[in-house]
Amino acid sequence: MLSISPLSSGRAEYYLQLANANYYQEGGEPPGQWYGQGAREFGLAGEVQPEHLERLCEGFHPHDGVTPLVRNAGRKEGSAPRKPGDDLTFSMPKSASIAWACASDELRSKIEQADLRAVRQALDYIEQTCGFARVGKQGLVRQQVPLTFALFRHASSRAGDPQIHTHAVCPNVAVHADGRTTAIDSTGFYHHKMAAGAIYRAALAEGLRQLGFAIERDGPSFQLSHIPEALTEHFSKRRAEIEEQILKRAGALEAGSARMAELITLETRRAKEERPRSERLTEWQEIAWTYGVDRETIAAHLRAPPPLTPSEKERVRTSVFAEAIRDLSEHHAHWSEKDLTQKIAEAAQGRGLDARDVLETVANKLASPDLVPLGRLVTEQRDLAKRRYAERSEDRYTTPEMLRIEREMLERVNRMADRNSTVGERIVTGVLGLRPTLSEEQAEAVRHLTTRPGLVQCLSGKAGTGKSYTLDTCRLVWELSGKEVIGCAIAGVAADELRRSANIPSDTLAMTIARLNRRDLVLTPHHVVVIDEAGMAPTKAMADLIAHVERSGAKLVLVGDAMQLQPIGAGGPFRSIAERVGDARLVQIRRQREEWRREAVHAFSRGEAKAALVAYLEREQLHVTEDRSGAMLRLVEQWKADGGVEKPAETLLLASLNVEVRTINRMCQAVRLEAGQLGERALHVDGDRIHEGDRIQFTKRSRALGIENGFTGDVLRVDERERTLAVRLDKGGREVTIRTEDYAHIRLAYCSTVHKAQGRTVERAHVLLGGPLTDRHLAYVQASRSRGETHLVIDEPSAGPQLRDAVRTLSRARQKDLAHDLIELPERQQEQQAPSRRILMRP
């Protein structure tokens with residue numbers, strides 16, 4: 001793996017103090033070595049001399065120590081203190097470090113050489129893609145510069161486990177082609193971190209494979225197949241220490257972000273015990289022997305592979321590229337070169353390709369017909385207040401197949417938009433007269449969806465604006481005009497809500513498409529098909545449904561909010577279609593009773609998290625705790641204060657990750673059990689113990705039981721002998737009996753993920769903010785679930801100083817779009833002054 005952090009003052013000196021040429025017998029670690037074109041520009045090579053590195057980090061010339069190379073050289077305090085540099089740390093997979101520790105001296109040396117080659121190849125990639133400095137007024141001009149690295153190769157973790165890792169210290173200074181010296185722009189390190197780490201692992205995996213080790217994929221990384229998992233766990237005390245802190249702060253390992261892990265790593269650092277490496281190796285080998293691993297077993301498992309022939313290597317490249325594209329296309333309509341580099345490098349591990357092969361494959365594919373360049377996408381806007389002096393952009397790519405799917409979908413929409421299917425004005429006027437509580441914008445939306453020409457119409461409505469009531473009115477208009485209205489949504493619970501609140505017979509989008517494919521459902525020109533929560537529909541599913549609707553001559557109505565939760569799959573067709581054909585809009589929020597809460601929801605939807613958080617803070621409804629466990633406790637305390645113990649259905653707790661949800665659910669259950677609100681009879685179901693009186697949620701659809709994924713209810717009775725639960729559903733109050741041996745997709749429902757709660761409205765909803773999924777879209781949905789009170793709770797590591805990290809993550813937009821949106825962006829920007837309903841297509 002690769003971790004990157006700013007180089008704190010004195011960190012380079014620490015690495016220098018550990019350096020000892022006689023580290024094997026006396027302790028410490030090997031002396032550092034210079035690497036990179038920048039080192040050559042400064043006349044630095046071979047072993048790192050302490051004064052040279054210290055001077056560069058302070059901003060002075062490495063040889064004389066007095067010539068300043070940057071304007072703030074030597075400044076450690078004040079308004080503009082100098083940043084010494086960055087620490088890029090490459091760590092071997094634990095199984096490879098164990099093999100190194102247990103191998104013979106000769107094999108150990110070869111493993112070290114393979115690791116050093118991998119580190120250098122990854123640094124070459126970083127220098128090529130991230131070696132830039134900003135010059136000119138406000139740093140608007142980026143110039144490529146060589147980078148300097150001091151490599152410190154260490155063999156143990158701070159807990160004393162075998163852990164080969166290399167600290168690549170990059171001083172914050174560079175020499176330009178014209179001889180000038182400036183600071184570097186290190187932001188690229190963080191943008192390319194995942195790709196660079198994947199290149200390191202691919203190169204290391206190939207080096208170890210050439211030595212005869214069997215390589216197995218392990219998620220985005222790899223492991224050596226013959227190292228026992230139990231031994232790996234034994235030698236992971238440092239990782240266990242970090243995970244313990246993540247558990248305390250995040251509630252669960254999966255809830256901790258990579259950034260949190262890096263911060264904890266820095267906070268929990270302690271000085272290494274400087275024991276001779278020979279002594280450490282003896283100790284590690286004795287431990288490994290008890291697990292059946294020693295130099296003989298290591299050597300016995302080595303099988304040097306024959307070199308790949310050119311045709312074999314080409315087949316591997318083709319296979320690796322296909323795997324990478326499948327991974328990318330499953331979730332995105334388009335991607336960057338670094339995204340492709342990361343995925344190809346991950347797929348290449350142990351397949352006979354090194355870093356050079358990976359980069360050559362990327363370059364060849366980018367220039368081939370297998371990928372289509374779409375143009376440049378601005379990924380970061382210029383913002384002087386945040387010291388972003390220039391916008392950041394990158395080239396984006398997609399596949400011909402993705403473009404074909406999109407093109408056919410949009411062409412169908414274009415044809416449907418030109419066909420007419422309207423209802424009489426008299427019917428619309430009559431129905432509107434029956435609904436006097438409709439607002440002016442809701443009435444206008446009804447007219448738009450029912451009388452506007454075209455067989456495809458869109459309704460964009462913010463959370464809590466009354467989309468369901470508007471749709472119910474449209475349904476009545478269509479039915480009085482002789483139409484048959486059917487509905488669908490991504491989630492079963494959303495489809496059921498559409499059925500309940502708008503009286504439209506509905507199913508999931510997947511089931512609707514399946515029924516159409518089987519011809520169990522046959523559309524005609526007399527049908528109106530409504531897709532609710534259309535903003536969550538991915539391109540492929542939307543394209544399939546549109547094809548069926550167009551062929552039948554039916555009418556399609558898309559309803560949603562492009563700023564709420566984004567599609568899990570590739571693309572975001574709802575927003576794109578709405579922009580092309582036009583849409584009715586509902587912006588007047590009605591759900592929240594208090595005006596300031598409605599405005600806070602608006603602020604979150606616009607990405608103005610600071611204004612929203614300040615509003616909650618001023619009213620003492622934003623709570624910041626010391627750590628993640630404290631945040632969950634504070635959330636449960638608020639739930640108790642609101643009567644959640646006695647009436648849990650009226651207060652919903654929200655968290656972004658399933659692991660957090662499960663922890664909070666068990667905390668709430670324990671409180672209710674202690675208060676005597678739960679019965680003694682209980683069953684173990686899917687990892688939870690479900691009591692009489694518990695609130696539960698169903699996590700998988702069952703047509704036989706008449707329940708949808710996301711349905712909730714109260715457990716009325718538990719039969720321990722028959723292993724059944726009698727549950728009263730919230731929807732309609734219907735009672736169902738669940739045989740848990742046949743259906744075990746049940747969990748506690750005091751707390752829910754946001755995805756499960758989209759479309760729900762409750763009296764009170766309290767939110768655990770923070771976590772790796774946090775963004776503008778998630779915050780918007782979280783803040784808009786309740787009519788009454790919403791309290792927000794966040795831990796200090798997630799909030800950051802003065803809430804800066806919370807504002808940044810809660811304002812971050814990760815909106816998905818189509819590849820065609822990027823192609824057509826210049827043309828559509830020109831047409832904004834004269835919007836057209838027709839879709840612009842490219843050949």
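The exercises below, each with a worked solution, concern a predicted model of one protein chain.

**Exercise 1. The chain as a whole**

State how many helices and strands the chain has, what share of its residues is buried, and what share of its contacts is long in sequence.

Solution. Start with the secondary structure: the chain has 33 helices and 32 strands. Next take burial: 57% of the 843 residues count as buried. Last, take the contacts with a separation of 6 or more: 71% of them are between residues 24 or more positions apart.

**Exercise 2. The sheet with β12, β13 and β14**

Determine the strand order of the sheet that holds β12, β13 and β14, and find which strands stand at its edges.

Solution. The order is β12-β14-β13, the sheet is open, and the pairing is antiparallel. β12 (335–336) and β13 (372–380) each have a single partner strand, so one side of each lacks a neighbour in the sheet and both are edge strands. For the pairing of β12, look to β14 (residues 392–398): two bridges link them in the antiparallel sense. One residue pair can be named here, with Ser336 having Arg396 of β14 as its bridge partner.

**Exercise 3. Strand β15**

Decide whether strand β15 is enclosed or open to its surroundings, and identify the strands it pairs with.

Solution. Count the buried residues of β15 (residues 456–461): six of the six are buried, so the strand is largely enclosed by the rest of the structure. Then split the residues by direction. Val456, Cys458 and Ser460 point one way, while Gln457, Leu459 and Gly461 point the other way, and all are buried.

Now take the partners in turn. With β19 (residues 555–560), β15 pairs in the parallel sense over five bridges; in this pairing Ser460 stands opposite Gly560. With β20 (residues 584–586), β15 also runs parallel, joined by three bridges, and Leu459 stands opposite Ala584.

**Exercise 4. Helices α14 and α15**

Classify the relative orientation of α14 and α15, give the handedness of their crossing, and describe the contact by residue class.

Solution. The axes of α14 (residues 310–331) and α15 (residues 337–348) come within 8 Å and cross at roughly 125 degrees. Angles over 145 degrees count as roughly antiparallel and 65 to 115 as roughly perpendicular; α14 and α15 are therefore oblique to each other. The crossing is right-handed.

The α14 side of the contact consists of Val320, Phe321, Glu323, Ala324, Ile325, Asp327 and Leu328, and the α15 side of Asp339, Leu340, Lys343, Ile344, Ala347 and Ala348. Sorted by class, the contact of α14 with α15 has nine nonpolar, no polar and four charged residues.

**Exercise 5. Helices α18 and α19**

Do the classification again for α18 and α19.

Solution. For α18 (residues 425–434) and α19 (residues 440–451) the packing angle is about 150 degrees and the axes are 11 Å apart. The cut-off for roughly antiparallel is over 145 degrees, and α18 and α19 are therefore roughly antiparallel to each other. Their crossing is right-handed. α18 contributes Glu425, Val428 and Leu432 to the contact, and α19 contributes Ala443, Val446, Arg447, Thr450 and Thr451. By class, the contact of α18 with α19 divides into four nonpolar, two polar and two charged residues.

**Exercise 6. Helices α20 and α21**

Report the packing geometry of α20 and α21 and the residues that make their contact.

Solution. α20 (residues 467–480) packs on α21 (residues 492–502) at an angle of about 65 degrees, with the axes 9 Å apart. The two cross in the right-handed sense. Ser468, Leu471, Asp472 and Arg475 of α20 touch Leu498, Ser501 and Ala502 of α21 as the two sides of the contact. Three nonpolar, two polar and two charged residues make up the contact of α20 with α21.

**Exercise 7. The sheet with β21 and β30**

Write down the order of the five-strand sheet, its edges and its twist.

Solution. The order is β21-β32-β31-β22-β30, in an open sheet with parallel pairing. The edge strands are β21 (622–625) and β30 (751–753), each pairing on one side only. From one strand to the next the twist averages 25 degrees. Within this sheet, β31 (residues 764–768) and β32 (residues 792–795) run parallel and are joined by two bridges, with Leu792 of β32 as the bridge partner of Val767.

**Exercise 8. Residue Thr740**

Locate Thr740, decide whether Thr740 is buried or exposed, and list the residues it touches.

Solution. Thr740 is in the loop between β28 (735–739) and β29 (746–748). The relative accessible area of Thr740 is 7%; buried means under 20%, so Thr740 is buried. Leaving out residues up to four places away in sequence, Thr740 touches Leu683, Val685, Arg723 and Leu725.

Terms used:
Residues are numbered from 1 along each chain as its sequence is written. This is a predicted model: local features need pLDDT of at least 70, side-chain atom pairs count only at pLDDT 80 or more; totals for chains, interfaces and linings use all residues. Side-chain values use heavy atoms; hydrogens and water are left out. Two strands pair if DSSP finds at least two bridges between them. Helices (H or I, at least four residues) and strands (E, at least two) are DSSP runs, numbered from the N terminus. Buried means under 20% relative accessible area, exposed over 50%, partly exposed in between (1.4 Å probe, protein chains only). Axes are lines fitted to C-alpha atoms, for helices over the stretch in contact, and angles run from 0 to 180 degrees between N-to-C directions. Angles under 35 degrees count as roughly parallel, over 145 as roughly antiparallel, 65 to 115 as roughly perpendicular and the rest as oblique. A crossing is left-handed if the near helix is turned anticlockwise from the far one by less than a right angle, and right-handed if clockwise. Contact means heavy atoms within 4.5 Å. Ala, Val, Leu, Ile, Met, Phe, Trp, Tyr, Cys and Pro count as nonpolar, Asp, Glu, Lys and Arg as charged, and the others, Gly among them, as polar.
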